[in-house]
Amino acid sequence: MTWFGSGSLPSTSGLPALPPPVPSTPSIVLSPAPSSSSSPISSISAYLPDFLKDNPYFNAGAGLAGMGMAASMAKRFAIIINAYFRRRFMLTLQVNNRDAVYPWLLEFINKYSAAQTRHFTANSTIKQAESGKTDVSINYLPSFGTHFFTYKWRWIKCERQREEQVVDNTDGYRVPLETVTLTTLGTDSRFFRDMVGFATKEAQASTETGLVIYNAVGPDWRKMSVGTKRPLESVILRHGQAESMLEDMQQFLQCKTWYQERGIPYRRGYLLYGPPGTGKSSFIAAVAAHFGYSVCTLSLSDRTMDDFRLNRLLNSTPPSSVLVLEDIDAAFGDRARDDPMNDHPAYQGLTRVTLSGLLNSLDGIGNVEERILFMTTNYIDRLDAALIRPGRVDRKEFIDYADGEMLGKLFYHFYKPLDKADWHLMEEFIAECAKVNQPISMAMAQGHLLLHKTTPRRAIEMVREALSRDEKDFNDTK
Ligand SMILES: Nc1ncnc2c1ncn2[C@@H]1O[C@H](COP(=O)(O)OP(=O)(O)OP(=O)(O)O)[C@@H](O)[C@H]1O
């Protein structure tokens with residue numbers, strides 16, 4: 001028997017009064033909401049009719065529903081907090097395979113996650129040279145799923161996913177859409193921008209071909225060869241000379257709008273003059289490579305060159321290239337000195353470039369947006385003043401024979417890394433070179449050291465013997 005209600009039973013014929021029965025308490029009691037902050041269920045119950053309020057089944061169900069609602073609200077709250085936290089304190093970067101940066105980024109991740117990732121996908125490329133030689137390169141990229149890697153001391157979560165959607169990739173092939181999502185703790189978005197910039201640079205450096213050289217074929221420029229890029233440090237000039245020229249060119253390249261705003265032709269001309277083998281051509285190649293430019297070389301002493309062709313070539317150089325006119329004195333000097341070759345039957349009927357033709361071409365208004373011109377000569381005194389006046393040549397640099405400092409640097413460049421204990425060898429080499437009875441060009445010094453690539457001491461011992469001219473020859477030239 002269950003008693004609903006409260007209070008003690010009425011006493012019957014002398015029996016002691018029984019303790020009041022324990023009421024069967026419902027698991028959740030609905031009571032009017034004491035305040036607006038109490039649960040929504042209890043506030044609803046305030047409006048319920050009494051028969052529902054007292055029904056245990058109804059109350060139990062409402063309790064469960066209340067708990068469910070509370071749990072779902074807690075979950076929603078956690079999602080909001082999580083979203084807020086991610087928005088405020090986490091950085092996310094998403095890239096898909098329709099973007100050119102996608103493979104570079106994957107390669108970069110692969111490089112930096114090598115220690116943490118053990119799951120890869122292989123991407124192989126096969127190249128066949130014209131000779132028939134086959135080159136296979138296999139690229140291992142992080143596989144699909146989640147990986148972790150570190151960059152600049154930060155942990156980064158990488159999620160690579162493949163979607164069902166099919167898209168055109170950067171090579172124009174239909175491939176499944178892939179996305180890479182990178183997440184890290186932080187608030188400064190520059191972190192990911194720097195990282196993508198760095199990944200792009202690394203990828204570019206590995207795909208860069210080298211120094212592109214164009215030669216004149218007929219009235220057009222043709223890409224002739226792709227040479228190795230010569231590092232600027234490998235060309236050794238007088239103290240501060242290379243740096244100063246580099247700065248000059250750098251400034252010029254940064255001032256395009258300045259020139260345009262003032263209506264000044266965006267051109268810069270350099271004349272490098274000095275004895276043979278002092279590094280004029282090498283420096284031009286190194287500077288061009290340094291700025292990512294190609295080199296267009298032209299020989300004015302080419303007998304098939306005439307004013308018309310020259311004009312066309314000078315005013316149609318490929319973009320981002322430097323124009324080089326080598327040994328500029330040879331073109332006109334020979335004729336002035338009545339070169340007997342001028343009357344050679346092989347050259348009869350062929351015209352040659354005239355000085356006025358060259359000047360007109362240099363001043364021409366072709367379709368090149370910018371022009372960087374380098375002229376080289378061993379004999380500046382043989383050049384016409386009009387050719388090297390400002391506007392055509394803005395800077396003249398004398399590239400001299402080697403001095404002690406240059407020879408020391410060249411010696412170090414050959415035998416580096418040189419132990420500190422062996423630095424005296426450099427001094428000895430310089431001292432030996434000073435005893436040589438003629439000026440030494442860097443080409444001569446390089447040629448000598450090449451003979452003793454692995455034996456610096458021998459190179460020093462042999463300096464005088466190898467580089468000194470015969471006493472008789474020397475006296476003859478004096
Ligand atoms: N200053 C230098 N630093 C390093 N190497 C040099 C230097 N000068 C010349 N060489 C070396 O000597 C060789 C010839 O140099 P390069 O052709 O640049 O000289 P050049 O001054 O242009 O000669 P030319 O006036 O005869 O055209 C190159 O192999 C180069 O490596």
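Two strands are taken to pair when DSSP finds at least two bridges between them, and the legends below use the word in that sense for a predicted model.

**View 1. Overall content of the predicted protein.** The secondary structure of the protein amounts to 16 helices and 13 strands. Among the 478 residues of the protein, 21% count as buried. When contacts with a separation of 6 or more are considered, 69% of them join residues that lie 24 or more positions apart in the protein.

**View 2. The seven-stranded open sheet, from strand E8 to strand E13.** The strands of this open sheet follow the order E8-E7-E10-E11-E12-E9-E13, and their pairing is mixed. Its edges are formed by strand E8 (220-227) and strand E13 (395-398), each of which pairs on one side only. From one strand to the next, the twist averages 25°.

**View 3. The pairing of strand E9 with the edge strand E13.** Which sense of pairing joins strand E9 and E13, and over how many bridges? Strand E9, which covers residues 267-273, runs parallel to E13, and four bridges connect the pair. Within this pairing, tyrosine 273 stands opposite phenylalanine 398 of E13. As general background for reading such a close-up, the side chains in a regular strand alternate between the two faces of the sheet.

**View 4. The four-stranded open sheet, with strands E1 and E4 at its edges.** Four strands make up this open sheet in the order E1-E6-E5-E4, and the pairing is antiparallel. Strand E1 and strand E4 (145-151) are the edge strands, since each of them pairs on one side only. Neighbouring strands of this sheet are turned against each other by 25° on average, with direction ignored.

**View 5. Strand E6 and its partners, centred on threonine 181.** Strand E6 (residues 174-185) pairs in the antiparallel sense with strand E1 (residues 90-96), the two being joined over seven bridges. With strand E5 (residues 154-168), E6 pairs in the antiparallel sense over nine bridges. Threonine 181 of E6 stands opposite glutamine 94, and threonine 181 likewise stands opposite glutamate 159. Elsewhere in E6, threonine 183 is the bridge partner of lysine 157.

**View 6. Isoleucine 109 in helix H4 and the residues around it.** Is isoleucine 109, with its C-beta neighbours inside 10 Å, buried or exposed? Isoleucine 109 belongs to helix H4 (residues 101-112), and it counts as buried because 23 C-beta neighbours lie inside 10 Å, where the cut-off for a buried residue is 20 or more. Once the neighbours within four places in sequence are left aside, isoleucine 109 is in contact with Pro142, Phe149 and Cys158. One of these partners, cysteine 158, is 49 residues from isoleucine 109 in sequence, and the C-alpha atoms of the two are 8.4 Å apart in space.

**View 7. The shell around the ligand, with residues from domain 3 and domain 4.** The ligand has 14 residues around it, of which Pro276, Gly279, Ser282, Met442 and Ala443 come nearest. Helix H8 (280-290) supplies at least two residues of the shell around the ligand, and so does helix H14 (442-451). At the level of domains, at least three residues of the shell come from domain 3 (211-398) and at least three from domain 4 (404-477). By residue type, the shell divides into six nonpolar residues, seven polar residues and one charged residue.

**View 8. Loop residues with backbone values to inspect: lysine 152, serine 320 and proline 417.** In general, most residues other than glycine have a negative phi, and most peptide bonds are trans. Lysine 152, in the loop between E4 and E5, has a positive phi of about 50° although it is not a glycine. Lysine 152 counts as exposed because it has 11 C-beta neighbours inside 10 Å. Serine 320, in the loop between helix H9 (307-314) and strand E11 (321-326), has a positive phi near 50° and is a residue other than glycine. With 15 C-beta neighbours inside 10 Å, serine 320 counts as partly exposed. Proline 417, for its part, is found in the loop between helix H12 (404-415) and helix H13 (423-434), and the peptide bond that leads from lysine 416 to proline 417 is cis, with omega near -5°.

Technical notes
Residues numbered from 1 in each chain as written. Predicted model: local features only at pLDDT ≥ 70, side-chain atom pairs only at ≥ 80, totals over all residues. Axes fitted to C-alpha atoms, helices over the stretch in contact; angles between N-to-C directions. Near = placed C-beta within 6 Å. Nonpolar A, V, L, I, M, F, W, Y, C, P; charged D, E, K, R; others polar. Domains from an automatic or database assignment. Buried ≥ 20, exposed ≤ 12 C-beta atoms within 10 Å, placed from the backbone. Contact = placed C-beta atoms within 7 Å.
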